Amino acid sequence: MSSAQRQEYLNALGLQTWTLRTSGAAVAASIAASPVPTAGPLVESAAAPAVGPEVAAPREAAYDWPQLRERVATCTRCGLSATRTQTVFGVGNLQAEWLVVGEAPGADEDRQGEPFVGRAGQLLNSMLRAIGLAREQVYIANVLKCRPPQNRDPLPKEAGQCLPFLDRQIALLRPKIMLVVGRIAAQNLLHTDAKVGTLRQQVHTFGPAHVPLVVTYHPAYLLRSPAEKRKAWEDLKFAREVFARG
Ligand code: SF4
């Protein structure tokens with residue numbers, strides 16, 4: 001990759017702001033020159049069925065895209081249906097090779113009905129551009145399709161009741177890689193209590209198809225903690241390498 005391309009990626013991710021505040025061009029050079037992390041060994045996730053006992057036989061397992069979208073739009077399976085403005089199904093290319101999975105809709109998403117809009121969405125778009133992907137090339141979804149009030153963490157029961165929808169989205173999409181952003185999404189998909197700092201920089205797998213899964217920080221967290229953007233950049237390069245490796 002040329003240095004001009006590298007700088008373009010770093011600019012897209014917003015790392016130049018962090019760089020200038022610290023020590024100028026020397027730091028920029030050190031970030032740009034940082035080696036692409038070598039993809040580690042596959043870490044098999046528990047890959048246990050995400051469905052809890054209360055939803056042991058979800059009918060949506062046979063739905064096509066329109067049926068699934070309609071099912072989600074009218075879902076009252078958990079209490080979040082009472083406080084949402086609308087469900088947030090997911091958005092993107094149905095032929096996408098990359099699936100980005102986040103936690104749940106926030107206020108902007110609840111209002112607009114689309115995941116990752118607002119400032120966090122803009123940063124996600126920049127993160128994707130940093131590895132050469134337009135938002136339109138990927139598919140973006142959340143574990144939860146309805147906004148938890150005051151953006152509280154979803155309850156395990158709520159996540160368990162909603163996950164069959166994401167499971168079906170994954171089965172229909174058949175992505176080549178999953179980029180999972182943030183603690184809540186990672187913990188629910190990998191059935192672990194581990195934090196992002198522990199889960200990142202490893203190749204996990206998801207589901208019976210063993211889809212490679214890479215974890216990084218949520219864009220909303222990166223907005224609050226810009227110093228962590230460098231780690232996110234490492235994770236994006238790592239995911240790109242895992243994808244390229246096939
Ligand atoms: S969060 Fe999921 S399970 Fe709960 S009401 Fe919304 S769509 Fe249904």
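A residue is buried when its relative accessible area is under 20%, exposed when over 50%, and partly exposed in between (1.4 Å probe, protein chains only). Helices (H or I, at least four residues) and strands (E, at least two) are DSSP runs, numbered from the N terminus.

This is a predicted model, in which local features need pLDDT of at least 70, side-chain atom pairs count only at pLDDT 80 or more, and totals for chains, interfaces and linings use all residues. Residues are numbered from 1 along each chain as its sequence is written, and side-chain values use heavy atoms, with hydrogens and water left out.

**Helix 6**

In helix 6, the buried residues are Ala120, Gly121, Leu123, Leu124, Ser126, Met127, Leu128 and Ala130. The helix covers residues 118-130. Its 13 residues should span 18 Å at 1.5 Å a residue (1.5 Å times one less than the number of residues). The end C-alpha atoms are 18 Å apart, which agrees. Gly132 follows helix 6 and has a positive phi, near 80 degrees.

**Salt bridges**

Side chains of opposite charge can pair when their charged atoms come close. A salt bridge here is a side-chain nitrogen of Lys or Arg within 4 Å of a carboxyl oxygen of Asp or Glu. The structure holds 10 of them. The table includes three.

| Pair | N to O distance |
|---|---|
| Glu97 and Lys176 | 3.0 Å |
| Lys231 and Glu228 | 3.3 Å |
| Glu234 and Arg230 | 4.0 Å |

Glu97 and Lys176 pair through their side chains. Glu97 lies in the loop between strand 2 (91-92) and strand 3 (98-102), and Lys176 in the loop between helix 7 (156-173) and strand 5 (177-181), so the pair ties together parts 79 residues apart in sequence. Glu97 is partly exposed, at 34% relative accessible area.

Lys231 is partly exposed at 31%. Its partner Glu228 is buried at 16%.

Glu234 and Arg230 are 4 residues apart in helix 11 (residues 229-245), about one helical turn. Glu234 is partly exposed at 23%, and so is Arg230 at 27%. Shared partners join Arg200, Arg230, Glu234 and Asp235 into one salt-bridge network.

**Ligand site**

The residues around the ligand (a heavy atom within 4 Å of it) are Cys75, Arg77, Cys78, Leu80, Ser81, Arg84, Leu144, Lys145, Cys146, Gln161, Cys162 and Phe165. By class, this shell has 7 nonpolar, 2 polar and 3 charged residues. Cys counts as nonpolar, as do Leu and Phe. Lys and Arg count as charged.
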